[in-house]
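Student: I would like to take a close look at one single part of this chain, and then see what surrounds that part. Could you take me through it slowly, explaining the terms as they come up?

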Amino acid sequence: MAYKHVRNLLHGQKYRNTIGNGGMEMSTSPYICSEHVPAEWYEKAFSHIVKLSQLLKNVDSIDGRLVDIDDYSTVVNERMEQRMHNFKSLARSFLGSPLMQKAVKKNMTTLASGKCTLPDCFGKQNEREPMTVNSLTVVCNFLNISAQQRREVRFTVCPQVTQHRIWMGALEETLNGLKSEMETLDHHCYSPSKGRMMGQQIVQSCLNFLADKAVISCDPDSTSWMRPKPTRVPESSSRKWEEVLEMFNHLLKCLRANEEGLHLYVSKLEAMKEGLSQIKDVLVDGKIGYKEARHQQSLVQKKLGKTLGHSSRCLFTLLVYYLYGSIGDIEVDVCGGLYGSEGGDRFCLYMGRILTSDDEKMAQSGVKQLDRALGLFKFIWETAKMKGVLELQGHLWCVEAEERLIKYRGNVFFVHKISI
């Protein structure tokens, strides 16, 4: 019988070999099989969930980092990070209990009977697992999109997300976010290592380079007399994206050994490096003349569009920036599933999020995070020209929450209470 991972959380142990417990054996399964777990286990788990929710009140995990919901500042605390991991792992397992399953169905029926699709959701163990969405492949696999439709998705998405302004925006968002995160770490009295201090200098150099060399702010639709006259420079002095690629290589070398609190941005630097390696021979100079600059920008779009594939994390980062103006991967606490009607003309995509408090600001933040994840999946669904109407549905769980239905941007979100 399997509930080792969660039992280890209750006892403060991260890993353990198979052990007997009162005649019941714990295996290496990461989640419990609820139909065989004794009621006493749920009582003990619930008390831990309550305690952790109190310790983590108004703190949430967003885009791979802890955030204080009151002011959206980053929380730098390893112990809090471990508590958040334990809290969400316990809560996910608790959602599999027969009582919680019945409570979810009752809540949905009471709040929204006749108003939306009511799928039999989160009953399967694989529907209660976390999911990190960091590529088009993850989305297409989840939605069962065929190989031919995937080609359609890439063919449609690439020209939109590889535009020069999107590429530049994603690069600057990554570097500015990293700069801000480094400053936050310094503010919280983390003694800056030599590597991180060097990293800060490289980040600023990258930003200066992009500001000085890569920005052509002219409106392409404006008449020629409205455009600033370029300064002619010798061809030999023109600079290329290869310089930025070299700075990224040095930056990653500095941060890999000193990435405490910077995991998200190290990952994104790796993703953007993939794109830089494809355009390293393209000129990046604001003084080469308007027509030539436009030509070089079109080369960026063409090369990125041609080389970045479905599994590319760079392409996914550009897509998220194109849709939402951010660069973080999409984190889903409870992955849910896709429910199809008998006629095959209507589908319901449902996902969930676990909150540490029922505060209105926390609920709103949870709804927005879920809506972003659901919206991305619907965008790919429609781009793939999938048959049938896709309905989006979000679920939020919190200890002793006021059960209610929230409507946001045309979608329905259920708030469920975690209780025994």
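Tutor: Let us begin with Asp329, which has its place in the loop between α12 (313-324) and β7 (330-332); here helices (H or I, at least four residues) and strands (E, at least two) are DSSP runs, numbered from the N terminus. Residues are numbered from 1 along each chain as its sequence is written, and the model is a predicted one, in which local features need pLDDT of at least 70 and side-chain atom pairs count only at pLDDT 80 or more, while totals for chains, interfaces and linings use all residues. Side-chain values use heavy atoms, with hydrogens and water left out.

Asp329 has a relative accessible area of 8%, so it is buried, a word that means under 20% relative accessible area, with exposed meaning over 50% and partly exposed in between (1.4 Å probe, protein chains only). The side chain of Asp329 has a polar contact of 2.7 Å with that of Lys268, and another polar contact, of 2.9 Å, joins the side chains of Asp329 and Arg313. A polar contact is a pair of N or O atoms within 3.5 Å; within protein, one must be able to donate a hydrogen and the other to accept it, and residues adjacent in sequence count only if both atoms are side-chain atoms. If we leave aside the neighbours of Asp329 within four places in sequence, Asp329 is in contact with Asp63, Thr132, Val133, Asn134, Lys268, Arg313, Phe316 and Arg372, where contact means heavy atoms within 4.5 Å.

Arg372 can lead us on to helix α13 (residues 360-383), whose axis comes within 9 Å of that of helix α6 (residues 147-161) and crosses that axis at roughly 110 degrees. That makes α6 roughly perpendicular to α13, since angles of 65 to 115 degrees count as roughly perpendicular, those under 35 as roughly parallel, those over 145 as roughly antiparallel and the rest as oblique. Such axes are lines fitted to C-alpha atoms, for helices over the stretch in contact, and the angles run from 0 to 180 degrees between N-to-C directions. From α6, Glu152, Val153, Thr156 and Val157 meet Phe379, Ile380 and Thr383 in α13.

For the wider setting, the chain has 13 helices and 12 strands, and 50% of its 420 residues count as buried. Among contacts in the chain between residues at least 6 apart in sequence, 73% join residues at least 24 apart.
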